[in-house]
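Grab a pencil and let's work through a few exercises together. Each one gives you a task and then a solution, step by step.

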Amino acid sequence: MKFKIILSILLSVCIIFTFTFGNKKINEKKGLIELESVSEILTLWHVDTFEGGTGSRKQFLSKVVREFEKKYKSVLIYVVEKTPESIKEDFSKNIYPDMLSFGNGISVNNLVELDVKLDYNFTKFGDKVLAVPWCRGGYCLIENPNFNKKQGGNICSVSQGKFNLPLCNVLDSNLEIKINSQFNAYLEFVNLKSRYLLGTQRDIVRLTNRNFSFTCTPLEYFNDLYQYVSVIDSGKSKTKISKLFVDFLLSEKIQKRLTEIDMISCFFDLEYQNENMKNLQKIKNLKSVSFLTEPKILLELQALSLKAANKDQSSILNLKKFII
């Protein structure tokens, strides 16, 4: 009888061990087998150089990557968030990703020609398309209809990112320009320190969420709020997969989901409920500056655009030399 009891206890211990430690070991082995079956491991670096709409563009890319990996099971892509400073440092050490998601203000090289037809000259080098905008924002002139016009009726807070040129939309204007950082320009506007806000899709989201009363006019001349994707030369097999991913990212299925992050597609009309976002995406054929423009030059163009906005005619002419 004692023998049967001891045997039962031993059997129970074996079963518990199998379903705990044993199961863990099996899963670990399964994971190793799956990793070994991956034939290509790629990296996609993402850097923000301007405010988006809502949420994270990096997280959006990560979701797209997971879907791509399900379709191409032998591929694994790591999405890494970077800063302009860290990218500059890595590039100086000849450390490169396979793909790069970026905006203006990033010096890039070793780019592969993409098989995408685009009318945007600012994404080309000669006749070669080297970058594709996988999403974009847009500039708009926002007005507070309840602003006391007697207290400076033409004051305009300008939301300007480190490498962006919003003032290219108000050359030779009658506005009293007050340049600020992107969030501080918004704060000036909602605190009734300015009648106008030269803002972006991010400000539309902020003001809508705040239930703030405003009117919004999309600006039709210039836009540099593009999130590009490029492929960097890292070997034939990886280049082929990277191009497949770019095609997947630009597919209608994925592009239609840009409403999740309140960004706009350059290729498809999105189903926005927000009327201001609807109107912003209607603006087509905007001019810009080349995505290859060096950061130092962009900072010089910012200073030039301020003079141009204040009606300096020579600055207007010089600035337009860089606008494509």
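**Exercise 1: Get the overall picture**

Find out what share of the contacts between residues at least 6 apart in sequence join residues at least 24 apart.

*Solution.* Take the contacts in the protein chain between residues at least 6 apart: 73% of them join residues at least 24 apart in sequence. Keep in mind that this is a predicted model. Next, count the secondary structure: the chain has 10 helices and 12 strands. Then look at burial: 50% of the 324 residues count as buried. Finally, turn to the outside, where the chain exposes about 17,000 Å². Carbon and sulfur atoms supply 54% of that area.

**Exercise 2: Hunt for disulfides**

Work out how many disulfides the whole structure holds, and why C140 does not bond to C216.

*Solution.* Start with the idea: a disulfide is a covalent bond between the sulfur atoms of two cysteines. Now take C140 and look for the closest cysteine sulfur, which belongs to C216. The gap is 3.7 Å, and a disulfide needs the two sulfurs within 2.5 Å, so this pair is too far apart for a bond. Searching the whole structure gives a total of 0 disulfides. While you're there, check burial too: C140 has 0% relative accessibility, so it counts as buried. C168, at 1%, counts as buried as well.

**Exercise 3: Read the two sides of a helix**

Decide which residues of helix α3 are buried and which exposed residues sit on the face turned away from them.

*Solution.* Helix α3 covers residues 84-92, and its buried residues are I87, D90 and F91. These three lie on the same side of α3, because they cover an arc of only 100° around its axis. The spacing helps here: an α-helix has 3.6 residues a turn, so residues three or four places apart point the same way. Now flip to the face turned away from the buried side, and you meet the exposed residues K88 and S92. What covers the buried residues? The cover includes strands β1, β2 (75-82) and β3 (99-102).

**Exercise 4: Trace a nonpolar patch**

Find which residues make a nonpolar surface patch of about 250 Å², then follow V80 to its contacts.

*Solution.* The patch is made by I41, Y78 and V80. Place two of them: I41 is in strand β1 (residues 40-47), and V80 is in strand β2. I41 counts as partly exposed because its relative accessibility is 40%. V80, at 31%, is partly exposed too. Now set aside V80's neighbours within four places in sequence: it is in contact with L44, W45 and H46. As a last step, compare positions: V80 and T43 are 37 residues apart along the chain, yet their C-alpha atoms are separated by 7.3 Å.

**Exercise 5: Spot the positive phi values**

For N211 and D262, find the phi angle and say whether each residue is buried or exposed.

*Solution.* First, the background: most residues other than glycine have a negative phi. N211 isn't a glycine, yet its phi is positive, at about 60°. It sits in the loop between α5 (201-209) and β11 (215-218), and it counts as exposed because its relative accessibility is 70%. D262 has a positive phi near 50° and lies in the loop between α7 (252-255) and α8 (275-282). At 16% relative accessibility, D262 counts as buried. One more to add: N94, just after α3, takes a positive phi of about 60°.

Definitions and conventions:
Residues numbered from 1 in each chain as written. Predicted model: local features only at pLDDT ≥ 70, side-chain atom pairs only at ≥ 80, totals over all residues. Heavy atoms only, no water. Buried < 20%, exposed > 50% of the residue type's maximum accessible area, 1.4 Å probe, protein only. Patch = residues over 30% accessible without salt bridge, like charges linked within 9 Å, V, L, I, M, F, W, Y side chains within 5 Å. Areas by Shrake-Rupley, 256 points an atom, 1.4 Å probe, with all protein chains shown as cover. Salt bridge = Lys/Arg side-chain N within 4 Å of Asp/Glu carboxyl O. Helix = DSSP H or I, 4+ residues; strand = E, 2+ residues; numbered from the N terminus. Arc of directions from axis to C-beta. Contact = heavy atoms within 4.5 Å.
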